[in-house]
Amino acid sequence: QVQLVESGGGLVQAGGSLRLSCAASGLTFSTYAMGWFRQAPGKERLFVAAITWNGGSTHYADSVKGRFTISREGAKNTVYLQMNSLKPEDTAVYYCVTGPSIAMLNHWGQGTQVTVSS
């Protein structure tokens, strides 16, 4: 079955950087869209970024444009989220998600905690 395993979360000071990774298995990675969502305590889960199956198109939430970059590496079945200029409001559990298209992201990982201190 499809499995997504996130890593790379942690505690960082405001202005710092982190790179999240999501290793996928149980699917033909090169044919699936990938994305990241996040959920802060007491808040709903929100879209962060997504990338098409071939990496040809990326999409970002307005709140992270210019600071976050999503990418994928087919040889490792892995999608990344490079997060720069982090802010305290970026604190959340970050979830990796996959699906047959960006509009159909429906299989979730367990999440990784990102905490940004001020």
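This is a short tutorial dialogue on reading the features of a predicted model.

Reader: Before we begin, what kind of model is this?

Author: Happy to set the scene: this is a predicted model, in which local features need pLDDT of at least 70, side-chain atom pairs count only at pLDDT 80 or more, and totals for chains, interfaces and linings use all residues. Residues are numbered from 1 along each chain as its sequence is written, and side-chain values use heavy atoms, with hydrogens and water left out.

Reader: How many helices and strands does the protein chain have?

Author: Helices (H or I, at least four residues) and strands (E, at least two) are DSSP runs, numbered from the N terminus. Here the protein chain has zero helices and eleven strands.

Reader: What does the radius of gyration say about the protein chain?

Author: The radius is taken over C-alpha atoms, and the globule rule to set beside it is 2.2 Å times the number of residues to the power 0.38. For this chain the radius of gyration is 13 Å, close to the 13 Å that the rule gives for 118 residues, so the chain is as compact as a globular protein of that length. Along the principal axes, its C-alpha atoms fill a box of roughly 40 × 25 × 25 Å.

Reader: Which share of the residues counts as buried?

Author: Buried means under 20% relative accessible area, exposed over 50%, and partly exposed in between (1.4 Å probe, protein chains only). By that test, 42% of the 118 residues count as buried. Contacts add to the picture; a contact means heavy atoms within 4.5 Å. Among contacts with a separation of 6 or more, 55% come from residues 24 or more positions apart.

Reader: Now the rings, please. How is a pair of aromatic rings described?

Author: A pair of aromatic rings is described by the distance of the centres and the angle of the planes. As for cut-offs, rings of Phe, Tyr and Trp (its six-membered ring) pair if their centres lie within 6.5 Å; planes under 30 degrees apart count as stacked, over 60 as edge-to-face and the rest as tilted. This structure holds three aromatic pairs. In one of them, Phe37 and Phe47 have ring centres 5.6 Å apart and planes at 80°, so the pair is edge-to-face. Phe37 lies in strand β4 (residues 33–39) and Phe47 in strand β5 (residues 45–51), so the pair ties together parts that are ten residues apart in sequence.

Reader: Are those two rings buried or partly exposed?

Author: Phe37 counts as buried at 17% relative accessibility, whereas Phe47 is partly exposed with a relative accessible area of 30%. Another edge-to-face pair is formed by Tyr95 and Trp108, at 6.4 Å centre to centre with 85° between the planes. Tyr95 sits in strand β9 (residues 92–99) and Trp108 in strand β10 (residues 107–108), 13 residues apart, and their pair links distant parts of the chain. Tyr95 counts as buried at 12% relative accessibility, while Trp108 counts as partly exposed at 33%. Ring pairs link Phe37, Phe47, Tyr95 and Trp108 into a cluster.

Reader: Which charged end sits over the ring of Trp108?

Author: A charge sits over a ring if NZ of Lys or CZ of Arg is within 6 Å of the ring centre and within 35 degrees of the ring normal. For Trp108 the partner is Arg45, whose charged end sits over the ring, 4.6 Å from its centre. Arg72 does likewise over the ring of Phe29, with its charged end 4.3 Å from the centre.

Reader: Which residues touch the most other members of the largest nonpolar core?

Author: A nonpolar core is a set of buried Ala, Val, Leu, Ile, Met, Phe, Trp, Tyr and Cys residues joined through side-chain atoms within 4.5 Å. The largest one has 27 residues, and Trp36, Leu81, Met83 and Tyr94 touch the most other members. Elements giving two or more residues to this core include β3 (18–25), β8 (78–83) and β11 (112–117). Strand β3 gives the most, with four residues. A second, separate core of five residues includes Ala33, Phe37, Ala50 and Leu105.

Reader: Where does Val48 lie, and what does it touch?

Author: Val48 lies in strand β5 and counts as buried at 0% relative accessibility. Not counting residues up to four places away in sequence, Val48 touches several residues, among them Trp36, Phe37, Tyr60, Leu81 and Tyr94.
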